[in-house]
Amino acid sequence: MSSSQVYLKKARYGKDKVKLMKVYRDNKWQTCVELTICLTLEGDIETSYTEADNSVVVTTDTCKNTCYILAKRSANVDNIEVFGQEITEHVLKQYKHIHVAHVEIIKHKWSRMVVDGELHPHSFVRDGEDVTTTHVTQYRDGNKITIESSLKNLLVLKTTGSAFHSFYRDEYTTLPEVWDRIFSTSVDATWRFTSNSPSVLRHQVNFPEIHNSVKKITMDTFAKDDSASVQATMYKMQQQILRDNKAVGEIDYALPNKHYFGVDMSKFKIDNTDKNLDVYQPVADPSGLITATVSRKTAAKL
Ligand SMILES: O=c1[nH]c(=O)c2[nH]c(=O)[nH]c2[nH]1
């Protein structure tokens, strides 16, 4: 293939899996924040690919150093959307040929320990594999910024209060209708903010409060809803989140339906059905996968 037939359509590079821990010390009380960061850059970098011109390359090692140095200076490492913006703003100010900065941050969970019935000042426990994340993208063009944040891997289960019946049936359908089943899922929720004003996003949105609200609404709705299906329960979560969080423009959910099927004990003349059903087989795969995006008809007010 001659070189005239191809062109560099897209290019983006940087450092992934930058692991970082910051400890804030306030007299007796200490707080720790553990992050995994991916910082990637776009801009006038084509010649590094097409002409082996490294003069335009801000090294991936520099990207890593930038994360550590800004973490050292920042009072906001815990507030991942704001810390992400601090990094994107720095990159666009420092490197005039870089036009888009992406920062993806995963915040790992360290919850304060309760020891002898009291919160401990400097000991923490990983009490769940759920994480919060953000992806901040800042563009030189128009000073535009987008922020997409998530709650991931929140594993939940309820032993009743979930049914699934009256679904479409044809000659391919074998699933029995159920009025009472186990419902378990691993929540993956992603919500978006968009603004042409980075300073509005930075100063007028309480990002940690929104993370807490998404988690609380997800768990409250999951527990309280008399679920007709994963689809219907999910939509209730999304509606409530948009109702309570005016800065959020749109929210996606992806909920795997982690099946627990009753074990067939009829061969042993044991009734493990209906009211006698209490032994289940968790089935890792295949799992259902239910997704939806719920958006505002008019843009979020920011
Ligand atoms: O809540 C559910 N939604 C489905 O679409 C579905 N499909 C299925 O087999 N079980 C379920 N459960």
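## A walk through the predicted model

A backbone N or O atom of Val230 sits 2.8 Å from an oxygen atom of the ligand. The structure in which this pair is found is a predicted model, and the ligand is a convenient place to begin. Arg181 also approaches the ligand: an N or O atom in the Arg181 side chain is 2.9 Å from an oxygen atom of the ligand. With Asn257, a side-chain N or O atom is 3.3 Å from a nitrogen atom of the ligand. On its own the ligand has 300 Å² of accessible area, and the protein covers 72% of this. The residues around the ligand are Phe164, Leu175, Arg181, Ser229, Val230, Gln231, Asn257 and Ile290.

Several of these names return in a database record. In an unreviewed entry, UniProt lists Thr60, Asp61, Phe164, Arg181, Val230, Gln231 and Asn257 under "binding site". These listed residues are spread over 198 residues of sequence and are also spread in space, with up to 52.4 Å between C-alpha atoms. From this set, Phe164, Arg181, Val230, Gln231 and Asn257 belong to the lining of the largest pocket.

The record has a second list. Under "active site", the unreviewed UniProt entry gives Lys15, Thr60 and His259. The three span 245 residues in sequence, and the farthest two C-alpha atoms are 42.8 Å apart, so they do not all gather at one spot. Of this set, His259 is part of the lining of the largest pocket. Thr60 appears under "binding site" and under "active site".

Where, then, are Lys15, Thr60 and Asp61 placed in the chain? Lys15 lies in strand 1, while Thr60 is in helix 2, which runs over residues 60-73. Asp61 is in helix 2 as well. Leaving out residues up to four places away in sequence, Lys15 touches Ile37, Cys38, Leu39, Thr60, Asp61, Cys63 and Lys64. Seen from the other side, and with neighbours within four places set aside, Thr60 is in contact with Tyr13, Gly14 and Lys15. Strand 1 covers residues 13-26, and Lys15 in that strand meets Thr60 and Asp61.

Are these residues buried, partly exposed or exposed? Thr60 has a relative accessible area of 27%, so it is partly exposed. Asp61, at 36%, is partly exposed too. Lys15 has 24% relative accessibility and is therefore also counted as partly exposed; the buried class is kept for values under 20%.

Some details of the backbone are next. Most residues other than glycine have a negative phi, and most peptide bonds are trans. Lys17 has a positive phi, near 60°, and is not a glycine. Lys17 is in strand 1 and, with a relative accessible area of 60%, is exposed. Asn153 is another non-glycine residue with a positive phi, here near 65°. Asn153 is found in strand 7, which takes in residues 145-158, and at a relative accessible area of 42% Asn153 is partly exposed. The peptide bond that joins Asp285 and Pro286 is cis, with omega at about -5°. Pro286 is in the loop between strand 11 (280-282) and strand 12 (288-295).

A further helix shows how parts of the chain that are distant in sequence come together. Arg202 is in helix 4, residues 198-204. Its C-alpha atom and that of Val82 are separated by 6.0 Å, although the two residues are 120 residues apart along the chain. Apart from neighbours within four places in sequence, Arg202 is in contact with Val82, Gln85, Glu86 and Glu89.

The chain as a whole gives the setting for these details. Its secondary structure comes to six helices and twelve strands. Taken along the principal axes, the C-alpha atoms of the protein chain fill a box of roughly 75 × 65 × 40 Å. The chain has 302 residues, of which 40% count as buried. Among contacts with a separation of 6 or more, 66% are between residues 24 or more positions apart. The protein chain exposes about 17900 Å², and carbon and sulfur atoms supply 52% of that area.

Methods
Residues are numbered from 1 along each chain as its sequence is written. This is a predicted model: local features need pLDDT of at least 70, side-chain atom pairs count only at pLDDT 80 or more; totals for chains, interfaces and linings use all residues. Side-chain values use heavy atoms; hydrogens and water are left out. UniProt positions are given in the numbering used here, feature names are shortened, and annotations may be inferred rather than shown by experiment. On a 1 Å grid over the protein atoms alone, a cavity is a set of points where a 1.4 Å probe fits but cannot get out, and a pocket is an open set with protein on both sides within 12 Å along at least five of seven lines; lining residues have an atom within 4 Å of a point. Helices (H or I, at least four residues) and strands (E, at least two) are DSSP runs, numbered from the N terminus. Buried means under 20% relative accessible area, exposed over 50%, partly exposed in between (1.4 Å probe, protein chains only). Contact means heavy atoms within 4.5 Å. A residue is near a molecule or strand if one of its heavy atoms lies within 4 Å of it. A polar contact is a pair of N or O atoms within 3.5 Å; within protein, one must be able to donate a hydrogen and the other to accept it, and residues adjacent in sequence count only if both atoms are side-chain atoms. Accessible areas come from the Shrake-Rupley method with a 1.4 Å probe; for residues, only the protein chains shown count as cover.
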